[in-house]
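Subject: A structure for you to look at

Hello,

Here is the structure I promised to pass on, with its sequence. Have a look at it first, and then read on for what turned up.

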Amino acid sequence: MSDYKRALKDAQENENILGFILTGSRGKGFENEYSDYDAVMVVKDESAQALHDKYESLKSKDADLSVLSLTDFEKYADWENSDSAWWDRYDFAHVKVLVAKTSGTLEKIIHEKGYIPPEKQREFTSRWLDGYVNGVFRSVKCIRNGNALGAHLEAANSILDLLTVVFAMNGRHRPFL
């Protein structure tokens, strides 16, 4: 049995493991022959260190498992903590919850991470729109200065900000490209 399957089996049987979430390409249904297993194991706060130590070695070429206490999972990539892994919110937009023992709590937390709340949309969109406009402005300055390569690079780089704006206007995170 692979380490990934053993961890999933443990998640189904161990009362200290509250959830097991398949993320990454497999969680989104985009897997191919090169895809590994990216997963998050959510555990009871008091069991977090022991389970983290047990599964820390499960980072191999075909599996990457993160073990987080429920408290740490709530804080991870949240909207209130600017130091949080904001860049990883899209990873929660489409996942497969393989084990959930929290009566909907886990699913609610995942939804909050995976979508832009309506009250955050305007601020979020404005910030990325500003980045897009700045990128276009830098591109135009490169043209003015005779730097064609710089203009192309600045324009190309600004497109990621524009795509972020387009998705955010619909309450969604821009997919990883």
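Seven helices and four strands make up the chain, and please keep in mind that this is a predicted model. Starting at the N terminus, the order of the elements is α-β-α-β-α-β-α-β-α-α-α. Along the principal axes, the C-alpha atoms fill a box of roughly 65 × 35 × 25 Å. The chain has 177 residues, and 41% of them are buried. If you take the contacts with a separation of 6 or more, 64% of them are between residues 24 or more positions apart.

Let me start with the helices that have a buried side.

Helix H1 covers residues 3–13, and Tyr4, Ala7, Leu8, Asp10 and Ala11 are buried in it. Looking down the axis of H1, these buried residues stay within an arc of 160 degrees, so they line one face of the helix. Lys5 and Glu13, on the other side of H1, are exposed. What lies over the buried residues of H1? The cover includes S1, S2, helix H3 (48–55), strand S3 (63–69) and S4.

Helix H5 (residues 105–114) can be read in a similar way. Its buried residues are Leu106, Ile109, Ile110, Lys113 and Gly114. They fall within an arc of 130 degrees when H5 is seen down its axis, and therefore they line one face of the helix. Packed against these buried residues of H5 are strand S1 (17–23), strand S2 (37–43), helix H4 (70–75) and strand S4 (96–100).

Next comes a pair of helices further along the chain. Two packed helices are described by the angle between their axes and the distance between the axes. For helix H6 (residues 118–144) and helix H7 (residues 148–168), the axes come within 8 Å and cross at roughly 165 degrees. Angles over 145 degrees count as roughly antiparallel, which means that H6 is roughly antiparallel to H7. The crossing of H6 and H7 is left-handed. The residues in the contact of H6 with H7 are twelve nonpolar, eight polar and three charged.

Some single residues are also worth finding on your screen.

Leu22 sits in strand S1. Is Leu22 buried or exposed? Its relative accessibility is 7%, so Leu22 counts as buried. Setting aside residues up to four places away in sequence, Leu22 touches Tyr4, Gly27, Tyr37, Asp38, Ala39, Val95, Lys96 and Leu98. One of these partners is Asp38, which is 16 residues from Leu22 along the chain, with 6.0 Å between the two C-alpha atoms. Another is Tyr4, one of the buried residues of H1.

Arg26 belongs to helix H2 (residues 24–28). Because its relative accessibility is 16%, Arg26 counts as buried. Apart from residues up to four places away in sequence, Arg26 touches Glu31, Asn32, Ser35, Asp36, Tyr37 and Lys96. Tyr37 and Lys96 also appear among the contacts of Leu22. How far apart in space are Arg26 and Glu123, C-alpha to C-alpha? They are 31 Å apart, with their positions 97 residues apart in sequence.

Asp91 is in the loop between H4 and S4. With a relative accessibility of 11%, Asp91 counts as buried. Leaving out neighbours within four places in sequence, Asp91 is in contact with Thr23, Gly24, Lys28 and Phe176.

Ala77 is found in the loop between H4 and S4 too. Although Ala77 is not a glycine, it has a positive phi of about 55 degrees. Its relative accessibility is 0%, so Ala77 counts as buried.

Ser103 is another residue other than glycine with a positive phi, in this case near 50 degrees. Where does Ser103 lie? Its place is the loop between S4 and H5. Ser103 counts as exposed because its relative accessibility is 81%. Ala77, by contrast, is buried.

If you would like a route through the model, you could begin with the buried face of H1, go on to the buried face of H5, and end at the left-handed crossing of H6 and H7.

Happy exploring, and best wishes

Terms used:
Residues are numbered from 1 along each chain as its sequence is written. This is a predicted model: local features need pLDDT of at least 70, side-chain atom pairs count only at pLDDT 80 or more; totals for chains, interfaces and linings use all residues. Side-chain values use heavy atoms; hydrogens and water are left out. Buried means under 20% relative accessible area, exposed over 50%, partly exposed in between (1.4 Å probe, protein chains only). Helices (H or I, at least four residues) and strands (E, at least two) are DSSP runs, numbered from the N terminus. The arc is that of the directions from the helix axis to the C-beta atoms. Contact means heavy atoms within 4.5 Å. Axes are lines fitted to C-alpha atoms, for helices over the stretch in contact, and angles run from 0 to 180 degrees between N-to-C directions. Angles under 35 degrees count as roughly parallel, over 145 as roughly antiparallel, 65 to 115 as roughly perpendicular and the rest as oblique. A crossing is left-handed if the near helix is turned anticlockwise from the far one by less than a right angle, and right-handed if clockwise. Ala, Val, Leu, Ile, Met, Phe, Trp, Tyr, Cys and Pro count as nonpolar, Asp, Glu, Lys and Arg as charged, and the others, Gly among them, as polar.
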